[in-house]
Amino acid sequence: MNHFARRTAAGGAALVAATGLLLAAGCGDDDKDKVDSAVSSVITTLPGGAGSETTTDHADHTDGSATATTEAGEGTGSATSTATAAGESTTISGPNGDITVSGEVYKKYVAAGGAASPLGAPEEAQESGPNGGQYQDFEGGTVYWSPETGAHIVWGEIREAWEENGGANGTLGYPTSDEKDIPGGKQSDFTGGTITWVGGQTTVTPK
């Protein structure tokens with residue numbers, strides 16, 4: 001019997017044993033945990049079982065709250081996403097190590113396309129901004145959030161001009177829109193004015 005057949009046969013026998021345990025055990029939580037453990041062991045022995053994408057949904061036995069976890073495969077830029085009653089987050093493994101994106105910044109990041117979007121991977125941990133806000137830098141731009149303005153993306157030449165004017169701490173304040181198309185260029189709106197990029201020229205217009 002070759003190596004592949006031996007692994008498959010062993011996995012099949014273990015799976016049958018796990019199934020027998022489930023039938024004999026009934027639906028008790030402790031017994032379910034034993035079966036889950038047995039089945040997990042079988043999965044890792046089957047071809048393709050190790051390192052493949054895994055999704056696990058489980059309920060807390062004490063309060064009934066649910067936690068869903070998704071782990072992507074190995075490699076640069078892989079991510080682990082967790083959804084809990086307290087909010088949502090993703091941890092991305094990149095050149096700067098494991099960095100977590102969470103809360104409203106996470107929601108905006110996912111809506112924009114996550115690591116596969118022009119934002120790319122996070123460069124550093126999420127930080128606090130003025131007036132209870134939050135922000136996080138990514139390879140292609142920054143997501144800023146405040147309770148009053150929501151979450152918006154600032155990037156490119158507009159981002160550079162905004163930061164030169166003090167960013168969220170300056171007179172322009174937080175962004176109130178994502179970058180949008182205007183005739184000949186782009187524009188972002190802020191609580192204290194607008195920044196446009198037209199024909200390669202950036203213009204800051206305070207209110």
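A contact here means that heavy atoms lie within 4.5 Å of each other. With that in hand, I looked up how far along the sequence the contacts reach, and I found that, among contacts between residues at least 6 apart in sequence, 27% join residues at least 24 apart. I note early that this is a predicted model, and I read every entry below with that in mind.

**Entry 1: the chain as a whole**

I began with the inventory, and the chain holds four helices and 13 strands. I then asked what share of the 207 residues counts as buried. The figure is 28%, where buried stands for a relative accessible area under 20%. For the accessible surface of the chain I noted a total of about 11700 Å², and carbon and sulfur atoms account for 53% of that surface.

**Entry 2: the sheet from β10 to β13**

Next I traced an open sheet of four strands, which I wrote down in the order β10-β11-β12-β13, with antiparallel pairing. Why is one side of β10 and of β13 left without a neighbour in the sheet? Both strands, β10 being residues 180-182, stand at the edges and have a single partner strand each, so nothing in the sheet flanks them on the other side. I also looked up the twist, and neighbouring strands of this sheet are turned by 25° against each other on average, with direction ignored.

I then followed the pairs inside this sheet. Strand β11 covers residues 185-190 and strand β12 covers residues 193-198, and the two are paired in the antiparallel sense over six bridges. A hairpin leads from β11 to β12 by way of two residues. Within this pair I found Q187 opposite T196 of β12, and I found D189 opposite T194, which also belongs to β12.

On to the next partner: β12 pairs with strand β13, residues 201-206, again in the antiparallel sense and over six bridges. T196 appears here too, since its bridge partner in β13 is T203. The hairpin formed by β12 and β13 has two residues between the strands, and in its turn I noted G199, whose phi is positive at about 55°.

**Entry 3: strand β8 and its partners**

I turned to strand β8, residues 141-146, and asked how many of its six residues are buried. Five of them are, so I recorded the strand as largely enclosed by the rest of the structure.

One partner of β8 is strand β7, residues 134-138, and the two pair in the antiparallel sense over five bridges. They form a hairpin with two residues between them, and in this pairing Y135 stands opposite Y144 of β8.

Another partner is strand β9, residues 150-154, which runs antiparallel to β8 and is joined to it by five bridges. Here I found W145 opposite A151 in β9, and the hairpin of β8 and β9 has three residues between the strands.

**Entry 4: the aromatic residues**

I looked up ring pairs last, and the structure holds four aromatic pairs. One of them is made by Y144 and W162, which meet edge-to-face, with 4.5 Å centre to centre and 85° between the planes. The pair links distant parts of the chain, since Y144 sits in strand β8 and W162 in helix α4, residues 156-164, with the two residues 18 apart.

Are the two residues of this pair buried or exposed? Y144 has a relative accessible area of 8%, and because buried means under 20%, I count Y144 as buried. W162 has 0% relative accessibility and is buried as well.

W162 also pairs with F190, and this time the rings are stacked, at 5.3 Å centre to centre and with 25° between the planes. This second pair again links distant parts of the chain, from W162 in helix α4 to F190 in strand β11, 28 residues apart. F190 counts as buried too, with a relative accessibility of 1%.

Finally I put these residues together, and Y135, Y144, W162 and F190 form one aromatic cluster. I close the page with the thread that I followed through it: Y144 of strand β8 and W162 of helix α4 are one pair, while W162 and F190 of strand β11 are another.

Key:
Residues are numbered from 1 along each chain as its sequence is written. This is a predicted model: local features need pLDDT of at least 70, side-chain atom pairs count only at pLDDT 80 or more; totals for chains, interfaces and linings use all residues. Side-chain values use heavy atoms; hydrogens and water are left out. Two strands pair if DSSP finds at least two bridges between them. Buried means under 20% relative accessible area, exposed over 50%, partly exposed in between (1.4 Å probe, protein chains only). Accessible areas come from the Shrake-Rupley method with a 1.4 Å probe; for residues, only the protein chains shown count as cover. Axes are lines fitted to C-alpha atoms, for helices over the stretch in contact, and angles run from 0 to 180 degrees between N-to-C directions. Rings of Phe, Tyr and Trp (its six-membered ring) pair if their centres lie within 6.5 Å; planes under 30 degrees apart count as stacked, over 60 as edge-to-face and the rest as tilted.
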